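Got the model loaded in your viewer? Here is a tour, stop by stop, with what to select next.

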Amino acid sequence: MTSNAQELTDKEYRLNVFELISGPALGLSYEKYWNSQSSYGVYTFINLNEDSVRDENFEVAPYVRFYFKETEYLYGKSIFLELFTSFVSGETYDDYYYDDYSYSTVYEDNKFNRLALGAMVGKKWVNKSNMTFETGIGVGRYLSGDSAYARLHLSIGKQF
C-alpha cells in the first residue's frame, strides 16, 4: 500500500524584499502554524538608513493570521487576514529652513516609543519545495496620538 501525501511543514521564515530594496531596511518574519487555517508569528523591522522616509528605527510586531484556504494540502497557500500589535521605536526630525538651506536636527524629546494595533490583508503562494512568496498591505494605528503608518509586504521565505 502506498500513499502520496505531501509532507506538511509548520513553521516559516521570511525576508521582506520590498523594505530591503526601498529602505534599505531589514524586515524579517517568523510564522508558526496552529493548523492549515491559522498561524501566529512575529515580524521585526530594523531601519538601516538614517535618511529613510520612515521615522521608525525598530519595530517588533507579534501577529495572528487567518487563512481562507484554496487547498488543504499546503500551509498558508491562500488569501489571509493578519491582526497585529506592534512596539515601535524611532525619532522624528525637525527641519529648519534658512536662505534656501535645510537643516535637520534631532533632540532627545523627539525620540519616541509607541504601541500600535493594526491589520493586513495579503496573499501567499507556496511551491513544491516549500518556498513562499507573499504580498500584503495593511495599516497600523498608534494608541497614543492620532497617527497611523502603512505596512507593505513583498516577501520571500521558506517553510520547514
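**Before you start clicking**

Begin with Ile46, whose contacts (heavy atoms within 4.5 Å) include Ala25, Leu26, Asn57 and Phe58, not counting residues up to four places away in sequence. A word on the ground rules: this is a predicted model, where local features need pLDDT of at least 70 and side-chain atom pairs count only at pLDDT 80 or more, while totals for chains, interfaces and linings use all residues. Residues are numbered from 1 along each chain as its sequence is written, and side-chain values use heavy atoms, with hydrogens and water left out.

Stay on Ile46 for a moment. Its home is strand β3 (residues 38-47); strands here are DSSP E runs of at least two residues, numbered from the N terminus. Ile46 is partly exposed, at a relative accessible area of 34% (buried is under 20%, exposed over 50%, partly exposed in between, with a 1.4 Å probe and protein chains only). Now add Glu19: it sits 27 residues from Ile46 in sequence, and the C-alpha atoms are 9.7 Å apart.

**Zoom out: the barrel**

Switch to cartoon. Eight strands make a closed barrel in the order β1-β2-β3-β4-β5-β8-β9-β10, with antiparallel pairing; two strands pair if DSSP finds at least two bridges between them. From one strand to the next the twist averages 25° (axes are lines fitted to C-alpha atoms, and angles run from 0 to 180 degrees between N-to-C directions).

Next, pick β9 and β10 (residues 148-159): eleven bridges join this antiparallel pair. For one of them, select Thr135, whose bridge partner in β10 is Leu154.

**Glu12 and its partners**

Go to strand β1 (residues 11-16) and select Glu12. Is Glu12 buried or exposed? Glu12 counts as buried, because its relative accessibility is 0%. Show polar contacts (N or O pairs within 3.5 Å; within protein, one atom must be able to donate a hydrogen and the other to accept it, and residues adjacent in sequence count only if both atoms are side-chain atoms). The side chain of Glu12 has one with the side chain of Tyr33 at 2.7 Å, another with that of Gln159 at 3.2 Å, and one with that of Thr132 at 2.8 Å.

Follow that last one to Thr132 in strand β9 (residues 131-142). Thr132 is buried too, with a relative accessible area of 4%. Then step back to Asn130, in the loop between β8 (111-126) and β9. Check its backbone: phi is positive, about 65°, although Asn130 is not a glycine. Asn130 counts as buried, at 13% relative accessibility.

**Rings to finish**

Colour the aromatics. The whole structure holds seven aromatic pairs (rings of Phe, Tyr and Trp, the last by its six-membered ring, with centres within 6.5 Å; planes under 30 degrees apart are stacked, over 60 edge-to-face, the rest tilted). Select Tyr33 and Tyr67: the ring centres are 6.0 Å apart and the planes lie at 40°, so this pair is tilted. Tyr33 is in β2 (residues 25-35) and Tyr67 in β4 (residues 56-69), so the pair ties together parts 34 residues apart in sequence. Tyr33 is buried at 4%, and Tyr67 is buried at 4%.

Add Tyr13, Tyr30 and Phe160, which form one aromatic cluster.

Last stop, charges over rings (NZ of Lys or CZ of Arg within 6 Å of the ring centre and within 35 degrees of the ring normal). Arg114 lies over the face of Tyr142, 4.8 Å from the ring centre, and Arg151 over that of Phe84, at 3.8 Å.

Conventions. Helices (H or I, at least four residues) and strands (E, at least two) are DSSP runs, numbered from the N terminus.
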